[in-house]
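Please read the following report beside the sequence and the structure shown here. It takes up a few local features in turn, under short headings.

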Amino acid sequence: MTGTDRAGSGGSGTPGGAGGSGGGPLLLGVRHHGPGSARAVRAALEAARPGVVLIEGPPEADALIPLAADEDMRPPVALLAHAVDEPGCSAFWPLAEFSPEWVVLRWALEHDVPARFIDLPATHTLAWQVAERAGDEGKEGKEGEEPEPGKPGSEEGDEPSTDVPGVRADPLAALAEAAGHDDPERWWEDVVEHRGTGDGDALAPFTALEEAMGALRETEEGGGRDRDLVREAYMRLQIRAARREFAQGVAVVCGAWHVPALRRKVTVAADRALLKGLPRTKVDMTWVPWTHRRLSRASGYGAGIESPGWYGHLFGAADRPVERWLTKVAGLLREEDRMVSSAHVIEAVRLAETLAVMRGRPLPGLSETTDAVRAVMCEGSDVPLALVHDRLVVGDVLGEVPAGAPAVPLQRDLARTQRRLRLKPEAPARELELDLRKETDAGRSRLLHRLRLLGVGWGEPVASRGSTGTFRETWRLRWEPELSVRVAEAGVWGTTVLAAATARAETDAVTARGLAEVTALAERCLLAELPDALPPVMRILADRAALDTDVGHLAQALPALVRSLRYGDVRGTDTGALAEVAAGLAERVFVGLPPACAALDADAAEEMRRHVDAVHGAVGLLGDDPAPGHGDLRSRWQAVLRTLSARDTVPGIVRGRSVRLLLDDGELAPDEAARLMGLVLSPGTPPADAAAWIEGFVGGGSGGGMLLLHDERLLALVDAWLTGVPAEAFTDVLPLLRRTFSAYEPGVRRSLGELVRRGPEWRGSVTTAGSGIPGFAAGLDTGRADAVLPVVRLLLGLDAVGAASAVGAAGTGGGAGAVGTAGAAGAAGGASAVGAAGAAGGAGAVGAAVAVGTASAVGAVGTASAVGTVGTAGAVDAAGTASVVGTAGVASVAGTAGAASVAGDAGAGDGTARAGGAAGTASVVGTAGAASVAGDAGAGNRTVGPGTGGRRSGADDNDLVGVDV
């Protein structure tokens with residue numbers, strides 16, 4: 001129903017009881033999904049105690065009413081009706097825990113009172129839909145958003161149109177406007193939702209609202225639309241029959257818009273005349289889960305409510321709703337790591353109550369609590385407030401239905417498979433990582449792919465963040481209520497998910513219009529593991545490929561086949577036939593591609609470039625010999641690329657791309673690539689063709705910017721060509737160049753701009769191998785490269801913890817010495833040294849030490865290094881690092897306040913260490929030309945971190961640089 005029924009008022013004949021004056025029925029007009037209406041209806045039923053309850057809804061659902069009392073039934077749920085012959089034609093009647101209809105059902109089951117639905121049967125309303133579809137296919141909305149006849153919250157035909165009067169479209173707005181309010185939702189909250197049941201006449205609100213709705217209906221010409229009149233005629237007939245059957249009294253719960261019509265005196269003959277000749281179709285009906293999100297207006301259902309989560313809270317929290325709501329909000333924000341305390345909740349409650357008083361409202365509503373949350377808990381930001389709206393105001397609550405609810409066989413098989421794979425449908429969107437090497441994850445992948453084949457979009461594949469291997473998949477899952485309709489619709493293909501997906505794939509292969517569609521279907525059959533569907537699909541694929549002479553179609557189909565081969569490998573599927581077709585398809589592309597690239601306009605050339613890229617990637621994945629009898633495909637493809645790069649009749653963008661692909665594969669020397677670019681960028685080439693060649697060579701976001709950045713010859717060629725383009729031709733090539741260079745990353749563009757700004761004199765000649773730019777050298781700087789090797793080895797874990805290696809000799813603990821080489825390792829690090837003739841003192845360090853020609857040490861926290869001359873001595877303490885460098889004499893370290901001291905003799909292979917107190921300032925004094933600290937030729941002092949027990953701390957970096965540096 002539209003806002004008309006949502007904003008309903010209702011009434012009884014008189015406030016005197018179930019029968020009313022003259023024994024009339026008790027008519028309770030409600031707003032669907034209104035918690036205030038739900039509370040008022042329960043109070044009215046408790047006061048009237050009728051003998052039967054009649055509810056607006058499809059009579060076919062009478063047999064499903066007992067399931068509402070099942071302990072496994074948890075709202076929100078919906079009654080689903082679908083045409084048996086056309087399952088896609090369906091209608092929903094959603095019910096939340098705060099819906100008056102649900103409250104009435106539960107009350108009737110608790111008190112053993114018969115309950116019946118009295119709206120026009122779904123067999124007629126769905127027949128109308130079928131007829132409308134057949135008559136006007138173009139007016140159908142998106143799949144899954146069909147009109148929902150009779151639904152509490154959306155009636156058939158209630159979508160806005162020019163023939164719907166304004167009052168009927170939204171009577172709540174008309175009543176609010178009459179009361180002087182510009183916000184219908186706010187007015188309804190004040191007069192109904194915030195009104196407690198309390199003492200007094202339980203039927204009084206229904207009487208008042210019936211009068212208001214009757215006045216509104218009097219303003220309509222003809223009293224309503226044709227289908228409304230038909231529905232109301234059927235409901236009047238059902239009410240008459242119930243009054244004859246039950247003497248205790250009849251209570252009717254319906255949309256408030258219908259109450260005046262049901263009260264109207266109309267003859268039986270007139271009502272039956274309206275129902276004569278209605279179309280019919282066979283329907284099935286069941287309960288399905290629903291969500292709060294689908295109750296909201298944002299979901300596309302016109303009779304929904306904007307804040308189902310808020311209404312559910314109002315219905316469940318009878319006392320102190322504002323305090324409880326703001327506590328929920330605070331809990332949500334804390335889960336998102338926002339600083340929200342109890343003081344925030346207290347202050348937000350005070351602010352909400354103050355705003356309600358200032359605005360003249362009986363209680364704070366959603367607008368007041370939202371303003372309070374924004375000001376107090378969100379610090380004026382709407383970003384966290386959007387989270388509150390999404391998670392709480394609307395919410396992702398997903399209902400549940402018992403296993404005994406009627407369902408099509410396919411739905412039951414799907415439920416069994418979901419339980420076996422532990423894959424529960426959930427309303428919130430979530431990502432699922434699958435490792436196809438595990439049987440459970442492989443089964444989940446098969447299920448999701450089969451459902452996609454059937455049009456049940458429960459999951460959508462997304463890019464994996466952790467791995468790019470074919471053994472891993474990432475899915476984004478979200479269960480929507482409409483998927484129940486899709487499952488029912490897919491039931492025509494089979495009784496199990498496997499059988500239905502197989503039948504659907506075979507049919508889709510026959511009806512596919514293009515070769516690419518068949519290849520994509522073959523790939524999906526492999527992913528879904530449909531062994532019975534793959535052979536017929538492959539036969540159709542082979543036939544289509546043999547008859548299709550369009551190279552573009554063949555090139556477009558090849559990548560999907562190659563992907564299928566890769567997935568077949570990881571899933572253990574026999575893909576021999578697929579490999580044969582893929583290899584044959586590749587050969588036909590090789591033969592037909594050069595002629596197809598001739599005489600193309602700009603758009604066709606760009607499309608052909610994409611085909612060349614796709615085929616190149618596919619051939620790389622196919623390998624050299626994908627199928628017996630097809631030879632070396634990779635070398636044959638490279639020959640095709642050479643042909644394309646050399647033909648003047650081939651568009652520049654394709655020729656440039658061919659040269660680039662050959663260069664990337666190592667089949668074309670850089671000098672040859674530079675030569676070809678020089679020829680293309682010569683003055684004799686039209687600027688537009690040259691610009692297209694450049695776009696093919698370095699465009700398309702394929703790393704061309706880095707190629708220009710590191711190959712200055714190519715950059716110089718482009719720069720020289722661009723500066724020589726005539727002014728009259730520059731405006732023609734500018735869009736191509738901008739499209740090419742705009743695809744580069746910002747850092748690449750900045751670096752290229754800097755190189756161009758420095759000019760040719762910095763870059764050097766295009767024929768010179770060297771470069772004058774800092775950071776660009778003719779050869780590799782091995783010294784700088786060797787300096788980072790130890791750190792790289794540690795990061796990669798190539799050096800074992802506690803290991804020590806040396807070229808010549810190695811020792812641990814006390815010391816190790818050898819003529820020509822010395823190395824020592826501490827407790828949790830590695831050390832290696834290649835030095836000149838000399839000796840090494842003792843070492844016991846947490847860290848690593850490496851030296852080439854000298855001695856150096858790297859600690860765990862701080863770093864100390866020393867570079868000396870031949871015959872050095874070094875010592876490393878236990879909790880950091882220290883090095884002492886001397887020459888042919890005795891080196892010592894002495895710290896103040898009892899600091900550690902180390903003495904090493906350059907002519908002997910031992911050393912002595914004495915532990916002192918906390919390390920303070922360390923000084924180095926060497927004899928016979930001793931090394932200094934901090935690169936000075938003399939003695940020096942340096943402060944190091946504190947340490948206890950004679951151990952130096954490594955809290956900072958300490959560099960002891962010898963005289964030779």
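## A cis bond and a buried loop

P76 is found in the loop between strand β2 (52–55) and strand β3 (77–83), and in this predicted model a cis peptide bond joins P75 and P76, with omega at about 5°. P76 is also one of the residues touched by T291, a residue that lies in the loop between β7 (283–289) and α12 (292–295). Besides P76, the contacts of T291 include V397, L398, A427 and P481, when residues up to four places away in sequence are left out of the count.

Is T291 buried or exposed? With a relative accessibility of 2%, T291 counts as buried, because the cut-off for that class is anything under 20% relative accessible area.

## A contact across the sequence

P402 lies in the loop between α17 (383–394) and α18 (409–420), and it is buried, with a relative accessible area of 6%. How far apart are P402 and L67 in sequence and in space? They are separated by 335 residues along the sequence, whereas their C-alpha atoms are 7.6 Å apart in space. L67 is among the residues that P402 touches, and the others are D70, D72 and M73, again not counting residues up to four places away in sequence.

## Salt bridges within single helices

A search of the whole structure finds 43 salt bridges, and some of them are described here and under the next heading. Side chains of opposite charge can pair when their charged atoms come close. In helix α18, R416 and D413 both have their place, three residues apart, which is about one turn of the helix. R416 forms a salt bridge with D413, and the closest N and O atoms of this pair are 3.6 Å apart. The two partners are covered to unlike degrees: R416 is partly exposed, with a relative accessible area of 46%, whereas D413 is buried, with a relative accessible area of 13%.

Another such pair belongs to helix α26, where E606 and R609 are separated by about one helical turn because they are three residues apart. An α-helix has 3.6 residues a turn, so residues three or four places apart point the same way. The side chains of E606 and R609 meet in a salt bridge, with a distance of 2.7 Å from N to O, and both of these residues are buried.

## A link between helices, and a network

R657 forms a salt bridge with D613, the closest N and O atoms being 3.5 Å apart. This pair links distant parts of the chain, since R657 is in helix α28 (residues 652–664) and D613 is in helix α26, with their positions 44 residues apart in sequence. R657 counts as buried, at 3% relative accessibility, while D613 is partly exposed, with a relative accessible area of 27%. Elsewhere, salt bridges that share partners join R359, R361, E368, D371, R374 and D382 into one network.

## Negative charge on the surface

Which residues gather in a patch of negative charge on the surface? The patch is made of D550, D601, D603 and E607. Of these, E607 is found in helix α26 (residues 602–622), the helix that also holds the paired residues E606 and R609. E607 is partly exposed, with a relative accessible area of 39%, and it can therefore be a member of the patch, for which a residue needs over 30% relative accessible area and no salt bridge.

## Positive phi angles

Two residues other than glycine are described here for their positive phi. R49, found in the loop between α2 (35–48) and β2, has a phi near 50°, and R49 is partly exposed, with a relative accessible area of 44%. D337 lies in the loop between α14 (321–335) and α15 (342–358) and has a positive phi of about 65° although it is not a glycine. With a relative accessible area of 70%, D337 is exposed.

A glycine also takes a positive phi: G180, just after helix α6, has a value of about 90°. Within α6 itself (residues 171–178), the buried residues include P171, L172, A174, L175 and A176.

Notes:
Residues are numbered from 1 along each chain as its sequence is written. This is a predicted model: local features need pLDDT of at least 70, side-chain atom pairs count only at pLDDT 80 or more; totals for chains, interfaces and linings use all residues. Side-chain values use heavy atoms; hydrogens and water are left out. Patches are made of residues with over 30% relative accessible area and no salt bridge: like charges are joined within 9 Å, nonpolar side chains (Val, Leu, Ile, Met, Phe, Trp, Tyr) within 5 Å. Accessible areas come from the Shrake-Rupley method with a 1.4 Å probe; for residues, only the protein chains shown count as cover. A salt bridge is a side-chain nitrogen of Lys or Arg within 4 Å of a carboxyl oxygen of Asp or Glu. Lys and Arg count as positive and Asp and Glu as negative; His and the chain ends are not counted. The place of a charge is taken as NZ of Lys, CZ of Arg, CG of Asp or CD of Glu. Helices (H or I, at least four residues) and strands (E, at least two) are DSSP runs, numbered from the N terminus. Buried means under 20% relative accessible area, exposed over 50%, partly exposed in between (1.4 Å probe, protein chains only). Contact means heavy atoms within 4.5 Å.
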